[in-house]
Amino acid sequence: MESDDRDLYSVGEVAERLGLHVRTVRNYVRDGRLKAVRIGKQYRISRADFEALTGGAEAKEPGAAKAPRVRHVEVSSIVQIESVGPDAASRLSTLVTAGVQAVRDTPESLRIQVVHDRERARMKIVILGGAGDTAAVLNMIDSVLGPENGLLSTEGRESGHA
């Protein structure tokens, strides 16, 4: 992206400029976080939409005040829990997804995905959102999984094993 005079940029150029993978920029477009137009089989991003994503100066009406720069922070976390049976996985999944509503303190989206692998007795919780909300969810998971709560230690008794 040597020239800033152009009005449209490719996904690759935007990725290079932001230091992101091309797939990440495509996901931003698909999620609606970055506006783009599809020309043939490729997306093109306008300079104004790119600047809106990065918080740069947008092309505005002459004399209009510059919008304050807003920094966007998103955290991706994967929590992997071993030795989790189906009953404990179901309880933990319900607790986490319901508890997410209680920890929200910002209007930013917070996405949670919970997956349980019965064969390996492994559970993964994927959290995507703002730093504060993600930290609150991680703290909630940590407190729920503490030894004093016994959520995972009762698994052997539930399945009939000592």
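Why does glutamine 113 count as partly exposed? Its relative accessibility is 48%, and the class of partly exposed lies between buried (under 20% relative accessible area) and exposed (over 50%), with a 1.4 Å probe and protein chains only.

Before the tour, some ground rules. This is a predicted model, in which local features need pLDDT of at least 70, side-chain atom pairs count only at pLDDT 80 or more, and totals for chains, interfaces and linings use all residues. Residues are numbered from 1 along each chain as its sequence is written, and side-chain values use heavy atoms, with hydrogens and water left out.

**The whole chain**

Start with the protein chain in cartoon view. Its secondary structure comes to six helices and six strands; helices (H or I, at least four residues) and strands (E, at least two) are DSSP runs, numbered from the N terminus. Along the sequence the pattern reads β-α-α-β-β-α-β-α-β-β-α-α. Of the 162 residues, 27% count as buried. Switch to a surface: the accessible area is about 10,700 Å², and 50% of that belongs to carbon and sulfur atoms. These areas come from the Shrake-Rupley method with a 1.4 Å probe; for residues, only the protein chains shown count as cover.

**Helix H1**

Select residues 11–18, which are helix H1. Show the side chains of Val11, Val14 and Ala15, which are buried. Look down the axis of H1: the buried residues fall within an arc of 100 degrees, so they line one face of the helix. The arc is that of the directions from the helix axis to the C-beta atoms. An α-helix has 3.6 residues a turn, so residues three or four places apart point the same way.

Now add strand E1 (8–10), helix H2 (22–31), strand E3 (42–46) and helix H3 (47–54); the buried residues of H1 pack against these elements. After H1 comes glycine 19, with a positive phi near 70 degrees.

**The sheet E1-E3-E2**

Keep E1 and E3 and add strand E2 (37–39). The three strands form an open sheet in the order E1-E3-E2, with antiparallel pairing; two strands pair if DSSP finds at least two bridges between them. E1 and E2 are the edge strands, each pairing on one side only. From one strand to the next the twist averages 45 degrees. E2 and E3 are joined by three bridges, and arginine 38 has tyrosine 43 as its bridge partner in E3. H3 packs on this sheet, touching E1 and E3, and its direction makes about 75 degrees with that of E3. Axes are lines fitted to C-alpha atoms, for helices over the stretch in contact, and angles run from 0 to 180 degrees between N-to-C directions.

**The sheet E4-E6-E5**

Move to the other open sheet, whose three strands have the order E4-E6-E5 and pair antiparallel. Its edge strands are E4 (75–81) and E5, each paired on one side only. Here the twist averages 10 degrees from one strand to the next. Seven bridges pair E5 with strand E6 (residues 122–129); select isoleucine 112 and its bridge partner in E6, isoleucine 127. Helix H5 (residues 131–144) packs on the sheet and touches E4, E5 and E6, its direction making about 155 degrees with that of E6.

**Back to glutamine 113**

Finish in strand E5 (residues 111–117), where glutamine 113 is found. Leaving aside residues up to four places away in sequence, glutamine 113 touches Lys124, Ile125 and Val126, contact meaning heavy atoms within 4.5 Å. Select threonine 97 as well: it lies 16 residues from glutamine 113 in sequence and 8.5 Å away in space, C-alpha to C-alpha.
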